[in-house]
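Please open the model in the viewer and keep the sequence panel visible. The tour below proceeds by selection, stating at each stop what is to be found there.

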Amino acid sequence: MSIRLTVAQALVRFLAAQHTERDGERRRLIAATWGIFGHGNVAGIGQALVEDADLMPFHQGRNEQAMVHAAVGYARQSNRLSAHAVTTSIGPGATNLVTGAALATINHLPVLLLPGDTFAGRPADPVLQQLQLPYAGDVSVNDCLRPVSRYFDRIGRPEALIPAALAAVRVLTDPVETGAVTLALPQDVQAEAYDWPEDFFAERVWRVRRPRPDTDELDAAVRAVRSAVRPLVIAGGGVRHSRAEDALRVLAERAGLPVATTQAGKGVLPYDHPSDVGGIGHTGTGTANTLARTSDLVIGVGTRYTDFTTASGTLFPEGARFLNLNITGFDAHKLGALPLVADAREGLTALTEALGDHRGDPARWQSDKRHWEERVDAAYAVPDEDARPTQTQVLGVLDTLVDASDILINAAGSLPGDLHKLWRPRSPDQYHVEYGYSCMGYEIPAALGVLLAAPGRPVWALVGDGTYLMNPTEIVTAVQERLPLKLIVLQNHGYASIGGLSEAVGAERYGTDYRHRDAGGGFTGPPLPVDLGANAASLGMRVLRPRTVRDLREALADARTATVPTCVYAETETADRVSGPPPAQAWWDVPVAEISTRPSAVKAREEYDRHVTARRRHL
């Protein structure tokens, strides 16, 4: 039996029939499609979505990159068991997907991209928005998506959709390979009819596997842990993706292990758990980094060991050994580690059972943990309720209002550092900081995806003014969909994070403040008269404007219970007059000019050379 449909209609029906299953939980794989229509997809995918509106929910986006961010937010909140598709026209709509695709792939989060493409039949050459290359007639702008996609295919004939769609879903549901998946759809092929086998539309369940550890690798891991004197666990995003939080807690409690967390892993243990020692690396806590500098065995669980985590190779001591539990062999072998290739939950459970009654000494970090909490209290302290708040005081006030149901989203600027060091997560999914790609403009659209995945929970998007200006367009979508987004915009008149870095490397904050030009051509004049609160209001948001810490408490409490999209627009004070966040607890390699006529750069280079000597290659 066959069913005659267009390629686009067939694709929509196929996607609607795909499901995932893990631990007995079945989810629809593609829960909805985001789209912006142009000539490259309106008559194909657009028509199919209208025809089968009951099969595929649709969300209208305003910016193609933002739609991918929304899909990524949804996938992360759904523990990668459910995802969204994103459709665009050919041309700029398609190339706008590249940044979002890179973010999804780097973070191992599934999203299906369906960009339109130029005509497969080449009825005219060139057509509108076609990239012409003298040496290749089969390349379009969509080929920009190849290096940032985990799977890419161009559907040049209707029947090619069948193997391509099955391959795409295989990658989306594979815990090792998942990321952005691109099916480029030539606009003439989208609208072409074909007789499809009925089995193509049968319901399929893709079981998300949990591979168990190899026996020999597990034995080696147990010997390493038993022989360690000062072990340290580093938990990454893989713990969350696997839902291995309970398994990690049991291992930490029974074996007496301290647990430090990466940006992606923060929250896998609540902040007040005795084994939690906070963030690791450049933006980490003094507690975690002190343990790292004296560790003889580092047990990585679901982490990629980015330069922030390792302090650019300077954090762990000479001779430290590594044991890496990771579902991806590539990551399990990093730093010359003993690999334990397995699902995080299965690996942690097996390791706990094999260790038996082995136990370390939790007392060795408890004093440092208490001391760090005192530093957090000092950073959050408010000596004057009627003063303008600092950024850390904003976090401190928010800390007093939230409970385990709240979700905080951030990605870029100075906030990831402050949050990693200071935030006190109450639940495994409360801390949602995208720091694999650290993409400015991620927060607002990602919050929409999280709201769709976790309806009824308070979802906060935290952004500075620089990040806000990158991508505020999905505020309109929040208003349209009646999603109660809670947006905090911190106005500090520029790129505060990169400004501080610029000063540290001898670039003297050049080009980082939002100010008028001065007489010499620089940017040291008065702050620009920008009112981002008015901008948010013009896009349909309700806007609250606290002036003092006292006002801020009222505004945040109001926003938390609001049922409409609400923005808290707060101009912040510098941290100079009160205790700000603790400085970086570990180094980060940002090369400094080797020669310069400016004293600030010369001094910065001297400091850089001092740190470089501490870099180690763990082999």
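**Stop 1: Helix H10 and its end**

Select Gly256 to begin: this residue follows helix H10, and its phi is positive, near 60°. The model is a predicted one, in which local features need pLDDT of at least 70 and side-chain atom pairs count only at pLDDT 80 or more, while totals for chains, interfaces and linings use all residues. Residues are numbered from 1 along each chain as its sequence is written, and side-chain values use heavy atoms, with hydrogens and water left out. Helices (H or I, at least four residues) and strands (E, at least two) are DSSP runs, numbered from the N terminus.

Now select H10 itself, residues 245–255. Which of its residues are buried? They are Glu245, Ala247, Leu248, Leu251, Ala252 and Ala255; buried denotes under 20% relative accessible area, exposed over 50%, and partly exposed in between (1.4 Å probe, protein chains only). These residues lie on the same side of H10, because they cover an arc of only 165° around the axis, the arc being that of the directions from the helix axis to the C-beta atoms. Turn to the face directed away from the buried side, and the exposed residues Asp246 and Arg254 appear there.

Next, display what covers the buried residues of H10: the cover includes strand E12 (231–235), helix H9 (237–242), strand E13 (259–261) and helix H14 (344–355). Contact here means heavy atoms within 4.5 Å.

**Stop 2: Arg345 and its partners**

Move to H14 and select Arg345 together with Asp23, whose side chains meet in a salt bridge (3.1 Å, N to O). Arg345 lies in helix H14 and Asp23 in the loop between strand E2 (18–22) and strand E3 (25–28), so the pair ties together parts that are 322 residues apart in sequence. The term salt bridge requires a side-chain nitrogen of Lys or Arg within 4 Å of a carboxyl oxygen of Asp or Glu. Arg345 is partly exposed at 25% relative accessibility, whereas Asp23 is exposed at 51%.

Add Glu346, whose side chain also forms a salt bridge with that of Arg345 (3.1 Å, N to O). Glu346 is buried, at 14% relative accessibility.

**Stop 3: Helix H24**

Select Glu607 and Arg610, the partners of another salt bridge (2.6 Å, N to O). Being three residues apart in helix H24 (residues 599–612), they are separated by about one helical turn. Both are partly exposed: Glu607 has a relative accessible area of 38%, and Arg610 one of 49%.

For the wider picture, select Asp23, Arg210, Arg212, Asp343, Arg345 and Glu346, which salt bridges with shared partners join into one network. The structure holds 38 salt bridges.

**Stop 4: Strand E4**

Finally, select strand E4 (residues 30–35), where six of six residues are buried. How many bridges link E4 to strand E6 (residues 83–88)? There are five, in the parallel sense; two strands count as paired if DSSP finds at least two bridges between them. Ala32 stands opposite His84 in E6.

E4 also pairs in the parallel sense with strand E5 (residues 58–60), over three bridges. Here Trp34 stands opposite His59 in E5.
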